[in-house]
Amino acid sequence: MKLGKYSIGVGDRFTYQGKAQLKAIMKANEKGLDISPVWNKSNREHIYVGTVPADTRKEADAAVKALDFKGLYFVDADHINLSTVAKYVEVSDFFTLDVASFIGKESSKDEVDAFVASCEKYMGELQIPGMEAPLQVTKELLETIASKFLAATQHASEIYAFLKKEKGEGNFITEVSMDEVESPQTPVELLFILKMLADKGVPAQTIAPKFTGRFNKGVDYVGDLEQFEKEFEEDVLVIDYAVREFGLPQELKLSVHSGSDKFSIYPIMADIILRYDKGLHLKTAGTTWLEEVIGLAVAGGEGLELAKKIYESSYNRQEELCGPYADVIDIDGSKLPSVEEVNGWSSEKYANTLRHIPGHPDYNANFRQLIHVAYKVAAEMGTTYTSMLEKYADVVGSCVEENIYERHLRRLFTI
Ligand SMILES: [Zn+2]
C-alpha cells in the first residue's frame, strides 16, 4: 500500500464534515492535482468527543461513496503508541507511530556503540547532494544522536512489528512522528533517525519531525521563516539521500503536523517540494471544528446563539481547557472579548473574529485559539451541538469546504 505524492490529513472532531472536506480536495484535483485525503484522528480527540475509530472509517467511506471519489484515501490512527494502537487495527490503514515520549530514554552502551560503528562510512565531512555545506559527522555527534533516538526508533519498530503481525506486511501506511516535543530535530539528526528506522526494518512512508518555530493550534506559524526554509529544504535533501542510501521506501516524504493554518510557511513548502519534485503530507486537525463554529455563527438564529454559548463556556473554563494544550497555545487573556461583548455580536462580527484571515481588522488569534481547544465544550453538549450541525449542514459545510480549498490547498499547492 502506497501513499500518493501529495496527501492532506483532514481531522474532523465530530465526524460530520467528511463530504465537505472531500469536496475541497476534489476541487483541487480537478485543477490537475492528485491529492489523497487522509482522515486523521488522535486517541485524545476520540476520548474527548466520545467517538470510536470505526466512526472515522464510516465517515471516510460514506464521503467517498457519496461523491464517487475514485482516488486513494486513508484513515489515520493519529499519534498512537503500543498501548493505544489495538483498537485502531481493524479500521485504520494509516498509522502514525508517536515515539516522541521515548526520545532521550536510555539505550544500552552496546546498542549505542553498535549504531556508531555502523555509521563508520558517514564520519567526517558528509556531503548530502544539493546541500550547501557538508555535514560534520563526528563520533561524539553520533553517540549523542544514538543516545537520544535509539529508544524512540526501537519503540517505532515494536509498534510496526505489532501492526505487521495484525494487518499483514504492506497493508498499511507507516508514519513515524516526533513532533510533539520542545526542541526541533536538526537535519543531521533526521538523517540518522532514518538510518535507525531502516536498520530496524520500519518502512516509514512519512516522517514528522519537530520543525523549528512555534506551531500553535489553529493560528499561523510563529518563528524565523528563513530558518524554517533552510531546515525544511535540508530535510527534503536528507530524506532523498536516506532513501537511496538506507533503502527506505521511495515515496518517503515529510509530514507536517501543522496544528492547522500555518499559512506563512505554506508557500515556502510549496516552492521547495516543487523545486525538488517531492511529495508532502500535511496534517490539519482543528481547522474544521473552527469552521463548524464559524458556520453556526454565519447561520444566525439558533446557530449564532450556540456559537455564543460555546464562547461563554470556553471563556469561563479557560484554565481547564487550555491545560492539556499549554505547550501549543499562546493566549493573551487581556485580548479576549468579554462574554457580554460577544453576546452582543452579529453573525458577521463573530465569524470575522474567528475566521483565520490574517490582517482582517476583526480577526483575533486569542479568541481563535481559545475556541480551538474548546471542542470539549461542544462534545459535552452532545446532540444540542450535533443537531445544529445537521440543521445548518449547508452553511457549515460550505465554510469547511471553502476553508480547506481557499485557505489551505490553494496556498499549499499553488492553485
Ligand atoms: Zn503531531
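1. In this predicted model, the protein chain carries a secondary structure of 17 helices and ten strands. The radius of gyration of the chain is 22 Å, close to the 22 Å that the globule rule gives for 415 residues, so the chain is as compact as a globular protein of that length. Taken along the principal axes, the box filled by its C-alpha atoms is roughly 70 × 45 × 40 Å.

2. Two figures describe the packing of the chain as a whole. Of the 415 residues, 47% are buried, and among the contacts with a separation of 6 or more, 78% join residues that stand 24 or more positions apart.

3. The chain is divided into domain 1, made of residues 6–287 together with 408–412, and domain 2, which covers residues 288–398. Between the C-alpha centres of domain 1 and domain 2 the distance is 29 Å. To the contact between them, domain 1 contributes 24 residues and domain 2 contributes 21 residues.

4. On the side of domain 1 that touches domain 2, the elements giving two or more residues are α1 (18–30), α2 (43–49) and α9 (286–299). Of these, α1 gives the most, with three residues. By residue type, this side of domain 1 divides into nine nonpolar, nine polar and six charged residues.

5. The largest nonpolar core deserves separate attention. This core has 117 residues, and those with the most contacts inside it are A156, L194, L197, V293, L296, I310 and I371. Helix α5 (residues 139–167) supplies the largest share, eleven residues. Because domain 1 (6–287 + 408–412) and domain 2 (288–398) both give residues to the core, it lies between them. As general background, nonpolar side chains in soluble globular proteins tend to be buried together.

6. L194, one of the core residues with the most contacts, can be followed to its partners in the fold. Once its neighbours within four places in sequence are left aside, L194 is in contact with I207, A242, F246 and L248.

7. Helix α9 can be checked against its expected length. At 1.5 Å a residue, its 14 residues should span 20 Å, and the end C-alpha atoms are indeed 20 Å apart, so the two values agree. The helix is mostly covered, since 14 of its 14 residues are buried. Just after α9, G300 takes a positive phi of about 75°.

Key. Residues are numbered from 1 along each chain as its sequence is written. This is a predicted model: local features need pLDDT of at least 70, side-chain atom pairs count only at pLDDT 80 or more; totals for chains, interfaces and linings use all residues. Domain bounds come from an automatic or database domain assignment. Two residues are in contact if their C-beta atoms, placed from the backbone, lie within 7 Å. Helices (H or I, at least four residues) and strands (E, at least two) are DSSP runs, numbered from the N terminus. Ala, Val, Leu, Ile, Met, Phe, Trp, Tyr, Cys and Pro count as nonpolar, Asp, Glu, Lys and Arg as charged, and the others, Gly among them, as polar. A nonpolar core is a set of buried Ala, Val, Leu, Ile, Met, Phe, Trp, Tyr and Cys residues joined through C-beta atoms within 7 Å. A residue is buried if 20 or more other C-beta atoms lie within 10 Å of its own, exposed if 12 or fewer, and partly exposed in between; C-beta atoms are placed from the backbone. The expected span of a helix is 1.5 Å times one less than its number of residues. The radius of gyration is taken over C-alpha atoms; the globule rule is 2.2 Å times the number of residues to the power 0.38.
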